[in-house]
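Q: I would like to learn how to read the features of a structure like this one. Can we go through them in turn?

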Amino acid sequence: MKRIIWCTPGNPREASWITEVTRLGFTVVRRCVEAVDVLAAASVESQAAVVLDIDTPRLSADVI
């Protein structure tokens, strides 16, 4: 399974990164804008990998 939850809000390279991972055969199943969104998506897509920017709003050690 090559499913990804993506959260790199505000990064100017986000679109090109998503285009590239899609070209490589991955599927971005959810694009998130803050840590709470990532947690919600991960509860539904428990087998998906997560790409997470360190500057994600509301990100904490507990979320990770």
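Q: Which residues make up the largest nonpolar core?
A: Keep in mind that this is a predicted model. The largest nonpolar core holds six residues: I5, C7, C32, V38, A41 and A48. Two elements, β1 (3-7) and α2 (35-44), give two or more residues to this core.

Q: What does I5 touch, not counting residues up to four places away in sequence?
A: I5 touches V29, R30, C32, A41, A42, E45, A48, A49, V50 and V51. Of these, C32, A41 and A48 are also listed in the core with I5.

Q: Where does V51 lie, and which residues is V51 in contact with?
A: V51 lies in strand β3. Once its neighbours within four places in sequence are left aside, V51 is in contact with I4, I5, W6, C7 and T8.

Q: Is V51 buried, partly exposed or exposed?
A: V51 has a relative accessible area of 28%, so V51 is partly exposed. As for its distance from R30, the two are 21 residues apart in sequence, and their C-alpha atoms are 10 Å apart in space.

Q: How should I read salt bridges, and how many are there?
A: Side chains of opposite charge can pair when their charged atoms come close. In this model the count comes to four salt bridges. One of them joins the side chains of R3 and E45, at 2.7 Å from N to O. This pair links distant parts of the chain, with R3 in strand β1 and E45 in the loop between α2 and β3, 42 residues apart. R3 is partly exposed, because its relative accessible area is 29%.

Q: Where do E20 and R23 lie, and how far apart are the closest N and O atoms of their salt bridge?
A: Both E20 and R23 lie in helix α1 (residues 14-23), three residues apart, which is about one turn of the helix. Their closest N and O atoms are 2.5 Å apart. E20 counts as partly exposed because its relative accessibility is 34%. R23 has a relative accessible area of 60% and is therefore exposed.

Q: Which residue meets R58 in a salt bridge?
A: The side chains of R58 and E34 meet at 3.0 Å, N to O. Here too the pair links distant parts of the chain: R58 is in the segment after β3, E34 is in the loop between β2 (27-31) and α2, and 24 residues separate them. R58 counts as exposed because its relative accessibility is 59%. The backbone of R58 has a positive phi of about 65°, although R58 is not a glycine.

Q: What is the nearest side chain of opposite charge to D53, and how far away is it?
A: That side chain is R13, 7.7 Å away. D53 is buried yet has no salt bridge. The cut-off for a salt bridge is 4 Å, so a pair at 7.7 Å does not count. D53 lies in the segment after β3 (49-52). Leaving aside neighbours within four places in sequence, D53 is in contact with C7, T8, N11 and L59.

Q: How are aromatic pairs described, and how many does the structure hold?
A: A pair of aromatic rings is described by the distance of the centres and the angle of the planes. The structure holds zero aromatic pairs.

Q: Which ring does the charged end of K2 sit over?
A: The charged end of K2 sits over the ring of F26, at 5.7 Å from the centre of that ring.

Definitions and conventions: Residues numbered from 1 in each chain as written. Predicted model: local features only at pLDDT ≥ 70, side-chain atom pairs only at ≥ 80, totals over all residues. Heavy atoms only, no water. Helix = DSSP H or I, 4+ residues; strand = E, 2+ residues; numbered from the N terminus. Buried < 20%, exposed > 50% of the residue type's maximum accessible area, 1.4 Å probe, protein only. Lys, Arg positive; Asp, Glu negative; His and termini not counted. Contact = heavy atoms within 4.5 Å. Phe/Tyr/Trp six-rings, centres within 6.5 Å; stacked < 30°, edge-to-face > 60°. Lys NZ or Arg CZ within 6 Å of the ring centre and 35° of its normal. Core = buried A, V, L, I, M, F, W, Y, C linked by side-chain atoms within 4.5 Å.
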